[in-house]
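Hi,

Here is the structure I promised to pass on. Have a look at it first, and my notes follow underneath.

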Amino acid sequence: SYDALQIGVMKKMSHGLQVQGSYTWGKSIDNNSGVIAGDTFGNGIGSEHYFDMGLNRGLSDYNMGRVLVINASWQLPTSKSAPPFVGWAVNGWEVGGILKLNDGPPFTPTFGTAGGDPLLLGNGDSWAFPNRLTGPGCQSLIHPGNPKGYIKTECFEIPTAPASFFTGPAPLCSSDSRFGGDAIGTPPQCFNLRGNAGRNIIPGPGLVNLDFSVFKNNPIRRISESFNVQFRAEIFNILNRANFSLPVNPDDTDIFDEAGERNDSAGLLKSTTTRARIVQFALKVIW
């Protein structure tokens, strides 16, 4: 299910200035973004809950809510009356830039378990869902700009269950082999209970990137009218901004470890989606 507002604008102005922009504000929802398996994408979670696909419904693994791209180019004014050498030095310049801003794709908070398959799905996956809290300060689940603690881990807790889940000859919350040998936790904690945190409820880090270029055109009319030796200087990520990737799944998306303790690396951002500033020079011959 995909709905979006898409806007595109292009304006050619006088004096060689051209600006183009596009903006998309949308939302993509599904219950499995992978073609074959649930973990086709790096932020996807394997072995979706096949017994109730409605539990998997959430933002698509590739969803980016807002995307803005603006590019511009400007042929600087020329001087026709300048002496030959001065005219060569000041004429033929072009500058350009591409600015891209977008929200990051979402990811899922998980709960690591040691024995594997805590929800009896028959697949051996050693993860489950924690509970999401909605108290003060938990309207947002992230600390933007904090790569060492991106997730608000205080907004999650281990699933809890009523006392009846722990009693009887076959308690629903158990640590026996049927549940992969997972510990129960400290009642009312129940490691075998699916938490209420949904799939892809945490937005990933966004992206801000600006590429900039300077061109110097040197037409050589003696050869032909179209012959041009162009000097190019291109600077990628000129702001040298660190655009972080999603936390590694499940190492850094597990809010709690197999013992029910908060995972020290939860929300740790280890890598970037763009490289550091790169300056590139080139000579291009056009004829």
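Arg-66 has a relative accessibility of 45%, so it counts as partly exposed (buried is under 20% relative accessible area, exposed over 50% and partly exposed in between, with a 1.4 Å probe and protein chains only). Its partner Asp-103 is partly exposed too, because its relative accessible area is 24%. The side chains of Arg-66 and Asp-103 meet in a salt bridge, 2.9 Å from N to O (that is, a side-chain nitrogen of Lys or Arg within 4 Å of a carboxyl oxygen of Asp or Glu). Arg-66 sits in strand E4 (residues 66–75) and Asp-103 in the loop between E5 and strand E6 (106–107), so the pair ties together parts that are 37 residues apart in sequence. Strands (E, at least two residues) and helices (H or I, at least four) are DSSP runs, numbered from the N terminus.

Before you go further: this is a predicted model, where local features need pLDDT of at least 70 and side-chain atom pairs count only at pLDDT 80 or more, while totals for chains, interfaces and linings use all residues. Residues are numbered from 1 along each chain as its sequence is written, and side-chain values use heavy atoms, with hydrogens and water left out.

On to the other charged pairs. How many salt bridges does a search of the whole structure find? It finds five. One of them joins Glu-234 to Arg-232, with the closest N and O atoms 3.2 Å apart, and both of these residues are buried. Another is between Asp-252 and Lys-270, where the closest N and O atoms are also 3.2 Å apart. That pair links distant parts of the chain, 18 residues apart: Asp-252 is in the loop between strand E13 (228–236) and E14, and Lys-270 in the loop between E14 and strand E15 (278–286). Asp-252 counts as buried because its relative accessibility is 1%, whereas Lys-270, at 53%, counts as exposed. There is also a network: Asp-30, Asp-61 and Arg-199 are joined by salt bridges that share partners. Asp-30 belongs to strand E2 and, at 15% relative accessibility, counts as buried.

Asp-254, in strand E14 (residues 254–256), is another story. It is buried yet has no salt bridge, and the nearest side chain of opposite charge, Lys-270, is 11 Å away (Lys and Arg count as positive, Asp and Glu as negative; His and the chain ends are not counted).

Now the pockets. The largest holds about 300 Å³ of space. A pocket here is an open set of points on a 1 Å grid over the protein atoms alone, where a 1.4 Å probe fits, with protein on both sides within 12 Å along at least five of seven lines; lining residues have an atom within 4 Å of a point. The volume is the space filled by probe spheres set on the points, which are joined across faces, edges and corners.

Which residues are closest to the centre of the largest pocket? Of the 15 that line it, they are Asn-91, Gly-92, Asn-217, Asn-218 and Pro-219. E12 gives the largest share of that lining, four residues.

The second largest pocket has about 250 Å³ of space. Its lining has 14 residues, and the closest to the centre are Leu-59, Asn-63, Gly-65, Asp-103 and Pro-203. Strand E2 (residues 17–30) gives the most to this lining, with three residues.

Cheers
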